[in-house]
Amino acid sequence: MPNEPLVIAAVMIGGYLLGSTPFGVIIMKLAGAGDPRNIGSGNIGATNVLRSGRKDLALLTLLGDGGKGAIAVLAAYLLTRGAPEATRNAMVALAAGSAFLGHLFPVFLKFRGGKGVATYFGILLAAAFPLGAAAAATWLVMAFFFRISSLAGLTAAALAPLFALFVFHSPHAIVTLTLFMGALIFVRHQENLRRILKGQEPRIGGGKAAEAPPESPPGAP
């Protein structure tokens, strides 16, 4: 592929900067609804934005965080038109992984970002739609039965690599991407895991009284 080093740099830097865009903070401030880092768990993602009482802002945050992951993937596809399939898959994985890191460690928020679940789904749905749909279905089933957003996201992140390997026989780059993002999701959800094991994790739609105090430093979804 011509100018491959430049393309690699473009997809990684562009993906990271795109992923760093904190939609939850931007949307709430533009709406005059404050800062999500000052409410609920202190996270910047859609789940915590919902705790402000604004379902519309939570939906916009969800779309923004998922959309930036999808856009990073689609941009990588466009930049690698005509390249061998293995090269395109590798570039997509690099762009997606960079966008995911950007969300978790955004340069615009002093590297204090989110937990990545919405961006994770946006990436998977764009990069490997059947795999992304299976992961999303896993989240929906777990959320329906247990009403715990973090548990649903962790389960989806744990099963996605297995779906990629044994169900969809995904390219190696996509399998590696699911493992990379899944591992980071578990790292970012350590406090959630502790609360789940103690039976203290807030449930979807629960009142503010059930919330844990904001984490320091604040993270997101």
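Is Lys110 buried or exposed? In this predicted model, Lys110 is exposed, with a relative accessible area of 71%. The residue is placed in the loop between α5 (85–104) and α6 (117–127). Its backbone is also of note, for Lys110 has a positive phi of about 55° although it is not a glycine.

A positive phi is likewise found at Arg147, where the angle is about 60° although this residue is not a glycine either. Arg147 belongs to the loop between α7 (129–146) and α8 (149–167). With a relative accessibility of 38%, Arg147 counts as partly exposed, because the value lies between the 20% limit for buried residues and the 50% limit for exposed ones.

The loops and helices named above belong to a chain with 10 helices and 0 strands. Read from the N terminus, the order of elements is α-α-α-α-α-α-α-α-α-α. The radius of gyration is 17 Å, close to the 17 Å that the globule rule gives for 221 residues, so the chain is as compact as a globular protein of that length. Along the principal axes, the C-alpha atoms occupy a box of roughly 55 × 40 × 25 Å. Of the contacts between residues at least 6 apart in sequence, 66% link residues at least 24 apart.

Burial and surface composition were computed for the chain as a whole. Buried residues account for 47% of the 221 residues. The exposed surface comes to about 10,600 Å², and carbon and sulfur atoms supply 69% of that area. As for charge, the chain carries 18 positive and 9 negative charges, and the mean positions of these two sets are 5 Å apart.

Two buried positions were examined in the N-terminal part of the numbering. Val7 is found in helix α1, which spans residues 4–19. The relative accessible area of Val7 is 12%, so this residue is buried, the limit being under 20%. Val7 and Phe23 are separated by 16 residues in sequence, and their C-alpha atoms are 26 Å apart in space.

Ser41, by contrast with the helical Val7, lies in a loop, the one between α2 (23–30) and α3 (46–50). Despite this loop location, Ser41 is buried, with a relative accessible area of 7%. The side chain of Ser41 makes a polar contact with the side chain of Arg51, at 3.3 Å.

Key: Residues are numbered from 1 along each chain as its sequence is written. This is a predicted model: local features need pLDDT of at least 70, side-chain atom pairs count only at pLDDT 80 or more; totals for chains, interfaces and linings use all residues. Side-chain values use heavy atoms; hydrogens and water are left out. Helices (H or I, at least four residues) and strands (E, at least two) are DSSP runs, numbered from the N terminus. The radius of gyration is taken over C-alpha atoms; the globule rule is 2.2 Å times the number of residues to the power 0.38. Buried means under 20% relative accessible area, exposed over 50%, partly exposed in between (1.4 Å probe, protein chains only). Contact means heavy atoms within 4.5 Å. Accessible areas come from the Shrake-Rupley method with a 1.4 Å probe; for residues, only the protein chains shown count as cover. Lys and Arg count as positive and Asp and Glu as negative; His and the chain ends are not counted. The place of a charge is taken as NZ of Lys, CZ of Arg, CG of Asp or CD of Glu. A polar contact is a pair of N or O atoms within 3.5 Å; within protein, one must be able to donate a hydrogen and the other to accept it, and residues adjacent in sequence count only if both atoms are side-chain atoms.
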